[in-house]
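Got your viewer ready? Load the model below and we'll walk through it one selection at a time.

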Amino acid sequence: MPAKPDDFPPLEIAYLGERLAGVDEVGRGPLIGSVVAAAVILDPTRPIDGLTDSKKLTARKREALDLLIRERALAFVVAEASAAEVDQLNIYHATHLAMRRAIDGLAPAAEYLLVDGNRLPGHILPGQAVVKGDARHPAIAAASILAKVARDAQMVALDMRYPEYGFARHKGYPTKQHLEALTAHGPLEEHRRSFAPVQRQLALI
């Protein structure tokens, strides 16, 4: 069984100041589009109720929280690494590039990082990686929400241009519908050419 947040010990953070940035990403698994990362420094004087893992929230709730985070956070940045960068660097390194871009854009700058997952993104700032962090710390949850809302919006825009692929529904993940559309219509410029299902279709062209 996958671990739940309650299965982890209480989160101990080696930083006591107010410029702690939560960092998370969305879009490692899809076959198309950018990988999107966000960094958020929450304002302790303006708390936001309901922050949790973006995947546990409805789209409507995510969008409402996205507005609150943008209104109340001390700083936030949404950044990305393009599909071309994913192909060039691989998804692991492209994800960390997007995270570093988000961190570097913060004003005021962060002093400490809490990053969802088990690896830090290679930034000069001190910090710690937190497994299931988006369910264990509000700043990481806020970052996951901003990243998810931004990437979903990109997929909705792509759906309007290419409705036959169904991007608004599956958000670019390799669902049956997406794979069938890929077979029927071929890869788009925005598809990640290094991902196996796209590679297979390109080999047939």
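How many aromatic pairs does a search of the whole structure find? Three, where rings of Phe, Tyr and Trp (its six-membered ring) pair if their centres lie within 6.5 Å; planes under 30 degrees apart are stacked, over 60 edge-to-face, the rest tilted.

Before you click, this is a predicted model: local features need pLDDT of at least 70, side-chain atom pairs count only at pLDDT 80 or more, and totals for chains, interfaces and linings use all residues. Residues are numbered from 1 along each chain as its sequence is written, and side-chain values use heavy atoms, with hydrogens and water left out.

Select Tyr162 and Tyr165: this pair is edge-to-face, 6.3 Å centre to centre with 85 degrees between the planes. Now add Phe167, which is stacked with Tyr165 at 5.3 Å centre to centre and 5 degrees between the planes. Ring pairs link Tyr162, Tyr165 and Phe167 into a cluster. Tyr165 is buried at 1% relative accessible area (buried means under 20%, with a 1.4 Å probe and protein chains only), and Phe167 is buried too, at 0%.

Next stop, the largest nonpolar core (buried Ala, Val, Leu, Ile, Met, Phe, Trp, Tyr and Cys residues joined through side-chain atoms within 4.5 Å). Pick Val23, Val35, Leu106 and Leu113: of its 26 residues, these touch the most other members.

Zoom in on Leu106. Beyond its neighbours within four places in sequence, Leu106 has contacts (heavy atoms within 4.5 Å) that include Ala21, Ile41 and Phe76.

Finally, select Val26, Val36, Leu51 and Ala147, which are among the 17 residues of another core, apart from the largest one.

Notes
Buried < 20%, exposed > 50% of the residue type's maximum accessible area, 1.4 Å probe, protein only.
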